[in-house]
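I opened the model to look up its core, its helix packing and its chain contacts. My entries follow in the order I made them.

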Amino acid sequence: MGHPRISGTGTILATAAEAPGILFEAIFYIAIAAEAMTAALAAGRRSMDWFGVCMIACVTALGGGTTRDVILNHYPLIWVANPYLLLLVCGAALLTIPLVRIIARLRWTFLVLDALGLIVFTIIGCDIGISLGEPPIIVIVAGMVTGCVGGVLRDVLCNEVPLLFSSELYATVSIVTGAIYLGGLDFGLPRDGMVVAAFVVGFPLRIAAIVFKWGMPKFVFDKEGW
Amino acid sequence: MGHPRISGTGTILATAAEAPGILFEAIFYIAIAAEAMTAALAAGRRSMDWFGVCMIACVTALGGGTTRDVILNHYPLIWVANPYLLLLVCGAALLTIPLVRIIARLRWTFLVLDALGLIVFTIIGCDIGISLGEPPIIVIVAGMVTGCVGGVLRDVLCNEVPLLFSSELYATVSIVTGAIYLGGLDFGLPRDGMVVAAFVVGFPLRIAAIVFKWGMPKFVFDKEGW
Amino acid sequence: MGHPRISGTGTILATAAEAPGILFEAIFYIAIAAEAMTAALAAGRRSMDWFGVCMIACVTALGGGTTRDVILNHYPLIWVANPYLLLLVCGAALLTIPLVRIIARLRWTFLVLDALGLIVFTIIGCDIGISLGEPPIIVIVAGMVTGCVGGVLRDVLCNEVPLLFSSELYATVSIVTGAIYLGGLDFGLPRDGMVVAAFVVGFPLRIAAIVFKWGMPKFVFDKEGW
């Protein structure tokens with residue numbers, strides 16, 4: 001990353017400091033803001049007030065990393081150590097309200113940003129799992145939780161069955177990306193290269209899943225009384 | 001607080017010990033019991049059994065503080081260190097069942113007790129954030145989480161969209177109260193005075209919000225397919 | 001337990017090592033797998049995909065112990081220290097899909113396995129509470145949370161009011177079992193004997209509750225506007 005913008009706390013993107021620099025960091029912030037904006041739309045569909053919009057945005061954008069850190073006992077939480085993240089998320093969420101007509105026309109832009117965010121969050125989660133010395137399965141789970149659980153919490157608070165459990169490949173993209181990233185590092189390949197590889201594999205896979213409606217097979221069980 | 005009734009654990013109202021004493025402590029316990037009772041009514045609307053009534057009461061009355069402590073890595077949890085709180089909550093919840101006709105006529109009493117509880121919980125949450133050396137935003141969030149998240153968890157368990165996100169000013173009252181409290185302390189004003197100020201500002205604000213139906217503006221977004 | 005299969009981590013069944021050995025351990029693994037399979041059926045009723053099936057299974061089978069450990073600040077989590085548990089749970093859940101016709105005919109088998117699991121999880125939870133020096137109420141709560149909260153999280157993710165709060169005696173069986181187990185240990189009785197006693201009391205109680213539809217009294221409150 002070079003410049004020590006958030007090195008004071010040493011938690012947020014400490015590991016990303018070795019990733020291909022400013023671009024990675026920029027994608028992180030843009031993806032956080034994009035997640036906050038799409039979460040604000042979800043809150044708007046439930047006619048929530050401005051406070052509810054901010055809460056849903058925070059839970060969606062920061063809930064995955066928070067869940068990972070609680071699972072791994074990794075404190076302080078990123079947003080507790082860097083509270084300006086709350087301002088970024090709430091600012092993006094509230095900005096969605098006056099800009100809703102524009103944002104509603106940018107559905108594909110937000111899908112692309114969300115896909116980039118999925119890869120960034122997965123890498124950050126894997127990095128934290130690695131830094132804590134977790135075994136490979138847990139490293140990949142840490143990446144997947146970071147990338148995916150925010151959306152699950154959003155759906156629970158919006159009183160819906162989580163979309164993650166039945167829609168196009170999303171968590172699977174995170175798991176595949178995390179496995180490639182970790183596998184490359186274990187193989188001794190340079191971190192910068194593996195970050196690029198994660199994007200090169202994960203991002204097109206997620207976009208293809210949306211375009212071609214690739215999903216996991218569904219399990220349908222309709223027997224009552226069980 | 002003067003007398004060291006719960007100073008053995010040093011967690012629950014340690015900071016409140018410097019607040020205006022027994023009255024603060026009394027409001028804390030009464031508010032906990034009142035939250036348990038209104039939670040019991042919510043459980044009753046879902047026809048839960050006595051165990052469910054106790055669970056909903058515990059989650060509502062103690063879930064905010066628990067969430068705050070998990071976020072801030074502040075252990076032991078208040079109710080783990082002081083398990084008699086579970087008995088107080090379950091006792092109040094079960095007492096609601098035979099007394100339901102009386103309680104149902106006391107709606108305004110419980111709204112007042114809930115408003116007092118919101119201020120007490122906010123102050124306790126802020127105190128814990130301060131004692132951990134958190135930055136101002138996190139101190140205010142700690143107060144708000146303590147005061148508000150219990151109701152969110154209750155609504156999630158009752159399978160409803162959290163009321164907090166769309167009804168009269170509630171979290172906002174907590175945030176304003178916490179900001180005044182923290183601001184006064186930072187300005188060097190005495191803690192006792194700021195506790196009184198928190199009540200003088202926060203309590204009438206909450207009551208006025210109920211009476212005049214003050215709410216944050218709502219964000220309504222009804223475009224499907226997003 | 002004798003053979004040190006998982007003694008490396010020292011967390012999962014460390015305390016159970018003093019319980020009546022291999023049989024206890026076997027019931028633990030069978031119950032985990034059975035919980036994963038019934039959770040898979042719940043996911044199937046919501047037409048989730050294979051990933052959702054695995055997620056619901058993990059949350060159901062491992063969520064109780066995870067919640068207990070977060071409450072008690074007891075790290076590492078069992079499944080983080082023993083990630084093969086995730087493979088066991090996901091394997092059992094995915095196996096449910098091709099075997100659904102067979103499993104759907106084994107409802108009583110699974111009710112029996114679930115009842116055995118409830119007792120095992122309760123004992124493990126109590127053991128962890130005891131090992132942390134928690135007071136009696138918290139030890140019993142630790143056992144109850146271990147045995148019961150997984151199902152609550154499953155129902156929340158499946159967007160249902162938790163069955164635990166309104167169906168036949170389940171948490172009550174866990175509380176009674178935990179109280180007997182802890183009471184016997186406090187009385188100086190040998191641990192092996194108390195494990196047997198827990199099964200002798202708790203298992204028939206749970207089965208009788210199902211057969212005779214024993215439940216706690218329900219609290220019904222239907223006044224709106226509260």
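**Entry: terms and numbering**

I take a nonpolar core as a set of buried Ala, Val, Leu, Ile, Met, Phe, Trp, Tyr and Cys residues joined through C-beta atoms within 7 Å. A residue is buried if 20 or more other C-beta atoms lie within 10 Å of its own, exposed if 12 or fewer, and partly exposed in between, with C-beta atoms placed from the backbone.

This is a predicted model, in which local features need pLDDT of at least 70, side-chain atom pairs count only at pLDDT 80 or more, and totals for chains, interfaces and linings use all residues. Residues are numbered from 1 along each chain as its sequence is written, while chains are lettered from A and ligands numbered from 1 in the order in which they are written.

**Entry: the core**

I asked which residues touch the most other members of the largest nonpolar core. They are Ala57(A), Ala57(B) and Ala57(C), in a core of 235 residues. Helix α1 of chain A, residues 21-45, gives the most to this core, with 14 residues. Helices here are DSSP runs of H or I with at least four residues, strands are runs of E with at least two, and both are numbered from the N terminus.

I then went to Ala57(A), which I found in helix α2 of chain A. Ala57(A) counts as buried because 32 C-beta neighbours lie inside 10 Å. I listed its contacts, leaving out residues up to four places away in sequence: Ala36(A), Ala39(A), Ala40(A), Val89(A), Cys90(A), Ala92(A) and Ala93(A). Contact means that the C-beta atoms of two residues, placed from the backbone, lie within 7 Å. I also checked Tyr29(A), 28 residues from Ala57(A) along the chain; their C-alpha atoms are separated by 14 Å.

**Entry: chain A as a whole**

I counted 9 helices and 0 strands in chain A. Chain A has 226 residues, and buried ones make up 53% of them. Among the chain A contacts with a separation of 6 or more, 70% come from residues 24 or more positions apart.

**Entry: α2 and α7 of chain B**

I looked up how α2(B) and α7(B) cross. Their axes come within 7 Å, at roughly 135 degrees. Axes are lines fitted to C-alpha atoms, for helices over the stretch in contact, and angles run from 0 to 180 degrees between N-to-C directions. The two helices are therefore oblique to each other. The scale has under 35 degrees as roughly parallel, over 145 as roughly antiparallel, 65 to 115 as roughly perpendicular and the rest as oblique.

The crossing of α2(B) and α7(B) is right-handed. That is, the near helix is turned clockwise from the far one by less than a right angle; anticlockwise would be left-handed.

On the α2(B) side I noted residues including Gly63(B), Gly64(B), Gly65(B) and Arg68(B); on the α7(B) side, Gly147(B), Gly150(B), Gly151(B) and Arg154(B) are among them. By class, this contact has 12 nonpolar, 9 polar and 2 charged residues. Ala, Val, Leu, Ile, Met, Phe, Trp, Tyr, Cys and Pro count as nonpolar, Asp, Glu, Lys and Arg as charged, and the others, Gly among them, as polar.

**Entry: α7 and α8 of chain B**

Next I took helix α7(B), residues 136-157, against helix α8(B), residues 171-186. They pack at about 135 degrees, with their axes 9 Å apart. α7(B) and α8(B) are therefore oblique to each other. Their crossing is right-handed. By class, I read 9 nonpolar, 4 polar and no charged residues in this contact.

I picked Ile140(B), which sits in α7 of chain B. Is Ile140(B) buried or exposed? Ile140(B) is buried, with 25 other C-beta atoms within 10 Å. Beyond four places in sequence, Ile140(B) is in contact with Cys126(B), Ile175(B), Gly178(B), Ala179(B) and Leu182(B). The C-alpha atoms of Ile140(B) and Gly129(B), 11 residues apart along the chain, are 8.0 Å from each other.

**Entry: chain contacts**

Between chains B and C, I found 28 residues from chain B and 27 from chain C. α2(B) gives the largest share of the chain B side, 6 residues. That side has 20 nonpolar, 4 polar and 4 charged residues.

Between chains A and C, I found 27 residues from chain A and 28 from chain C. On the chain A side, α2 (50-72), α7 (136-157) and α8 (171-186) of chain A give two or more residues. The residues of that side divide into 17 nonpolar, 5 polar and 5 charged.
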